[in-house]
Amino acid sequence: SAPSSVRVSCSRSARATPPRDRPEQREPSPGRRRASSKLDATGSTYYQQTQGRGRGALVRQLTAPARKLLKQEVVRRMLITLLILAVIRVGFFSPIPGFARNVMPLNYSDASLLFSPAALLNARSGDKGYEVALNVFELNINPYIIASILLPILCSEAFSEVPVIRMFHRKSKEGGEGFKEFREIWIRRFMLAFGTLQAISIAAESAPYSLISNLYMPRTVLILLTGVMVCAWLGEQITKYGLGNGQSWIITVSVITGLAFFLESVIAAVNIGAVPPIILAALGVSFGVMIVGSVILTGCHFKIPISHFQVQTNEGFKGEASIVVPITPSGIMPVVYGTMIMETSRIILTNFFSMDVAGFFNPASAPYLLTVFVLVYCLNLVELTGMDYSKELSTYLGKVSARVKSVRPGKATIEYINDVKNSARSIGGFLLASLTLFSLVIDNFFVQYTGISAQFTSLLLVVGVVAEIRRQITAYDVLPKLQQQVASVSGYKSPN
């Protein structure tokens, strides 16, 4: 066989055939050109392809602004969030078949059902115009919230020596991705258990209004449980692919519908003269105070200054490095959990133990206000994720050759971070509990003068969700700039 160099040279000479040796492309005859023109006029393949390319270019030009907008991470996430929320709202308007809703009381879902969705911040009112009674998402995400409250309690030091339960505390100390997966699995299990209890309770209470007697109980329980699982799953998809926390979004949408009904009722009362206009002005001032207070609380934080073992100055990064410790790490969720605990306790004591606790659980009573204050304060101190990040943070500082200023690495760093974290949460818990107490007092004032609950605690959640989304959008805006700075230092360019 010939050497490779010879084969390569032969192939090159073959490719370099002079143009005169190649077969010439002949022009079509006049008759063929006339036939081709007739085909073009009647819709030949060539004509359709050329026109198709023209239409495609026009479509691309018209959709260019939309495609450019969809390339932005924030816009994509917001569209996903809105789409999923629309699907969830459809579920709230999808009734469970087989019930005579025309004979149900207007406030049926507000007081008669165990762990009713109305228990969550009293978001519902007697008017059922904005949601269908006994819909497929009747339980909302209440089982998920109860499971989220229970898991951090089981992970606390109080259960570190209790057989079987101590595994939760041991797993929380291990931390890492393993605990996150462990937490998700057990939250789903607890959610399924509590959801089953709630579904059975609702099915039993709703039996007098059922039009179907055959397999009524298993059918209703299965539909309600499916709705809980689907609603919680959609909330997780918002958390992963959308903006903000999915569970908070679901609650917030329900709260907004309740607030809309409240404002409509107040304006109608002012128009007919039942409520003086100064009440409406006081309402606006109260809303403003609550919004400003919530924004300040969700934005305040402590800073722990850190220093690197090998200090290198860089013009691309300015400012002193520090660890940010928020005073309300869980946002407004302690208010949600505290109100949920109070309402759940009232329903259990009333329905199961036949105890007269109306006086204690009256929102205008001093014992109720004091109990809510203590609950919100304590829940802000608890790590609601069930995981202590101080150890992981200390380990990370060691990996990046950094340390807390004036503090030895290792155990001393962990203790220092815990002390700062506890101090920040203590201050934040006191301020958040005070704001919650203020909202309850103002709400009692409006109930006294208008007969309508303003639900200011619900407004706290709405503002908290908006603040969380704002921080997330800011982070997405800063990320490209940070990538450019990293690329200017290391020479690495992001594939995006």
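**Exercise 1. Place Lys 68 in the fold and say which surface patch it joins.**

Step 1. Lys 68 sits in helix 3 (residues 45–70); helices here are DSSP runs of H or I with at least four residues, and strands are E runs with at least two, both numbered from the N terminus. This is a predicted model, where local features need pLDDT of at least 70, side-chain atom pairs count only at pLDDT 80 or more, and totals for chains, interfaces and linings use all residues. Residues are numbered from 1 along each chain as its sequence is written, and side-chain values use heavy atoms, with hydrogens and water left out.

Step 2. Lys 68 is exposed, at 64% relative accessibility. The classes are buried under 20% relative accessible area, exposed over 50%, and partly exposed in between (1.4 Å probe, protein chains only).

Step 3. Together with Arg 60, Arg 67 and Lys 71, Lys 68 forms a positive surface patch. Patch members have over 30% relative accessible area and no salt bridge, with like charges joined within 9 Å and nonpolar side chains (Val, Leu, Ile, Met, Phe, Trp, Tyr) within 5 Å. Lys and Arg count as positive, Asp and Glu as negative, while His and the chain ends are not counted.

**Exercise 2. Find which residues are linked with Glu 73 in a network of salt bridges.**

Step 1. A salt bridge needs a side-chain nitrogen of Lys or Arg within 4 Å of a carboxyl oxygen of Asp or Glu. The whole structure holds 3 salt bridges.

Step 2. Arg 76 meets Glu 73 at 2.5 Å, N to O. Both lie in helix 4 (residues 73–92), 3 residues apart, about one turn of the helix.

Step 3. Arg 77 also bridges to Glu 73, with the closest N and O atoms 2.9 Å apart. Arg 77 and Glu 73 are 4 residues apart in helix 4, so about one helical turn separates them.

Step 4. Glu 73, Arg 76 and Arg 77 are thus linked in a network. Arg 77 is buried at 14%, whereas Arg 76 is partly exposed at 35% and Glu 73 is partly exposed at 31%.

**Exercise 3. Work out which helices the salt bridge between Glu 236 and Arg 188 ties together.**

Step 1. The side chains of Glu 236 and Arg 188 meet at 3.2 Å, N to O.

Step 2. Glu 236 belongs to helix 9 and Arg 188 to helix 8, so the pair ties together parts 48 residues apart in sequence.

Step 3. Glu 236 is buried, with a relative accessible area of 17%, and Arg 188 is partly exposed at 34%.

Conventions
Areas by Shrake-Rupley, 256 points an atom, 1.4 Å probe, with all protein chains shown as cover. Charge placed at Lys NZ, Arg CZ, Asp CG, Glu CD.
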